[in-house]
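Please open the structure in a viewer and keep the selection panel at hand. The tour proceeds by selection, with a short account of what is found at each stop.

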Amino acid sequence: MTDPQPQPPPSPASRSLPDPDRRLWESPCNLLIVSDVHLGEYVKEHARIDYLKRTTELDRDFCEFLEYYADNRQDALPWRLVLNGDFLDLLTMTITPSESLQKRMPHLQLDEEEKRYGLDNEEEKAAWKIGRIAERHPILFTYLADFVGRGNWLDIVYGNHDIELFWPLAQQALVNQLVEIYFGTEAVAGQTEEEYTSRIRFHPWFIYQPGRFFIDHGNQYDDFTSFNHRLHPVMPFDPRGLAMPISHFAIRYFVNRFRGFRTHDKDTWTMWDFIKWMGQQNRQNYWFVIKSYFQLTRRILSYTLRTRQADHREIHQVHRQRLHQLAQQLDLEEDRLNTMDEMRRLPIHYTLGGTLQATAIDRWGLILLSMLLFLVAVLVPGSLFTIIGLVLLFLLVVFRKPALRFLRNRCLGGEVLPGAAVKLEEAAHSLARLWKVRYVIFGHSHRPLCQPVPGLTSSWYLNEGCWLVPELKERHEGGCRSPLTYCLLLDREVPHAKLLRWCQRNHRPEPFLAHLQAEVEPPEVIIRRDPDQGSQNGAKPGGEGKGPAAGSDSGAPALLNKSLRKQRSSPSR
């Protein structure tokens, strides 16, 4: 696979939205909806060659999933594979281009920060990162290219971890990878590149079919991951880069500095959970963790200040223009689209209270105030200060949660926030009423869910969960407990959706039974600082602890043998 050729960025006039329009559903098809594959997340865990040796195991299940459905159509209809956000994980990648490549391609040259933390999210650099993901997952991209080549459709909604697919060059880089794999330099009988690429579409926000379904990644309804201007999510003070929700800061400047540390199960962690996590680390890491935390906090506060001081009028104007354009393309009522846009959660760092909450400064401040009151009571015994200090200390300890709530709501303009799953559930119920659809389908929370919408007799909220391999492990006690979940939506007179598991043992879909939850077993590792910040060149094969493919799997060679089947001609070629 080749690097995308250097070229100047398109002019603003050429940066039109992708072309989903009202004709999208003229050809009937059934839908497969998958989200949160986070392809590329593990590129920072291993040296390049070690990673390539492990990708067969990493990609095996998804390739079998694609092959199964390519071979098994329902009602003789083609499939429309919807990658509903975070298919790629460009946020956690820390690999950087070689020095020789930087000399040949000046737009890939690194500044000092990028040498330490990895490439930023500028357009040309995003295209390069997509090429590296495809290079490290050749089998998965081969099966994905073949899935499209066999007459199926590919629809891509970008989420918060792959928001860089907003850039036209990044979209083109992904399409080019699939085209190059499928066609190479050869002619394919019965199919042209134009016909092939016409079945690949990018959606800037959501997929909607009136009265039937509404599909969205869901990050706009989570203030830790939302963008204030979804259709033009650039930084107000530097439009060459994309805006960064506070979760992006946490991943880039903290999480990426520790091997084996994952964010997928941390949205409900309290400050005490992080303190316990820190206590499990090696002692020599304590100061590094503390230093990284303070550096992260400083960066967030600086970014918040610059964002508040910047002029947002031009970005807002472009966003409003694109809302109007999207309404025309999809033949939607613009008022309803504007209503949905207003339903987004304001990024948490847009308020001082939200910033203090997200960085835990409010909780540390409460702890320090309690310690100060205790010292006053101890150092000035028998005085009025002692009585006042002890009373206030007692009140702070007993009523700490109401005190924090009052501090955020009344004094700092923030609020106490629920977890991502609760926020998405609330948003899904509102969207079902707004768009009057049978199904609202989200990803983002990584928690599979199927429930009726209260007050509506024929509307359902589904969350397709995630496809995280191999962090989650499969169990079969009492039924399949595979953590690889997705939605299947059949195009019938009354659309019918199912929430399914991909069984890793039987290599086929199994019903999702809510009482059979997949067991989460993160790798048992001591998180250690990455000595090669922003680079893979010095990483050692094997890494620390159980990496993404630790151990052996007797099924892995089977996929390599199975990949030889790609040499045959598919029915559509």
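Begin with strand β6: F213 and I215 point one way from the strand, F214 and D216 point the other way, and all of them are buried. The model shown is a predicted one.

**The neighbours of β6**

Add strand β5 (residues 206-209) to the selection. β5 and β6 run antiparallel and are joined by four bridges. Within this pairing, I207 has I215 of β6 as its bridge partner. Next, select G211: the hairpin of β5 and β6 has three residues between the strands, and here G211 takes a positive phi near 75°.

Now display strand β10 (residues 439-442). β10 runs parallel to β6, with three bridges between them. Here I215 stands opposite I441. I215 is thus a useful residue to keep labelled, with I207 as its bridge partner and I441 opposite it in β10.

**Salt bridges**

How many salt bridges does a search of the whole structure find? The search finds 24. Three of them are visited here.

Select D155 and R80. These residues form a salt bridge in which the closest N and O atoms are 2.9 Å apart. Because D155 belongs to strand β3 (residues 153-157) and R80 to strand β2 (residues 79-84), the pair ties together parts that are 75 residues apart in sequence. Both partners are buried.

Select D222 and K423 next. Their closest N and O atoms are 2.9 Å apart, and the two form a salt bridge. The pair links distant parts of the chain, 201 residues apart: D222 lies in the loop between β6 (213-216) and β7 (234-235), while K423 lies in helix α17 (residues 420-435). D222 and K423 are both buried.

Move on to D146 and R150, whose salt bridge has its closest N and O atoms 3.5 Å apart. Are these two residues buried or exposed? D146 has a relative accessible area of 5%, so it is buried; R150, at 9% relative accessibility, also counts as buried. Extend the selection to E67 and D71: salt bridges that share partners join these two residues with D146 and R150 into one network.

**An enclosed space**

For the last stop, turn to the cavities. A search of the whole structure finds five of 30 Å³ or more. The second largest holds about 110 Å³ of space. To locate this cavity, select N228, H229, V234, A243 and Y350, which are the closest to its centre of the 17 residues that line it. What classes of residue make up the lining? There are 11 nonpolar and six polar residues, and no charged ones.

Note on methods
Residues numbered from 1 in each chain as written. Predicted model: local features only at pLDDT ≥ 70, side-chain atom pairs only at ≥ 80, totals over all residues. Heavy atoms only, no water. Salt bridge = Lys/Arg side-chain N within 4 Å of Asp/Glu carboxyl O. Helix = DSSP H or I, 4+ residues; strand = E, 2+ residues; numbered from the N terminus. Buried < 20%, exposed > 50% of the residue type's maximum accessible area, 1.4 Å probe, protein only. 1 Å grid on protein atoms, 1.4 Å probe; cavity = no way out; pocket = protein on both sides within 12 Å on 5 of 7 lines; lining within 4 Å. Points joined across faces, edges and corners; volume = space filled by probe spheres on them. Nonpolar A, V, L, I, M, F, W, Y, C, P; charged D, E, K, R; others polar. Pairing = 2+ DSSP bridges.
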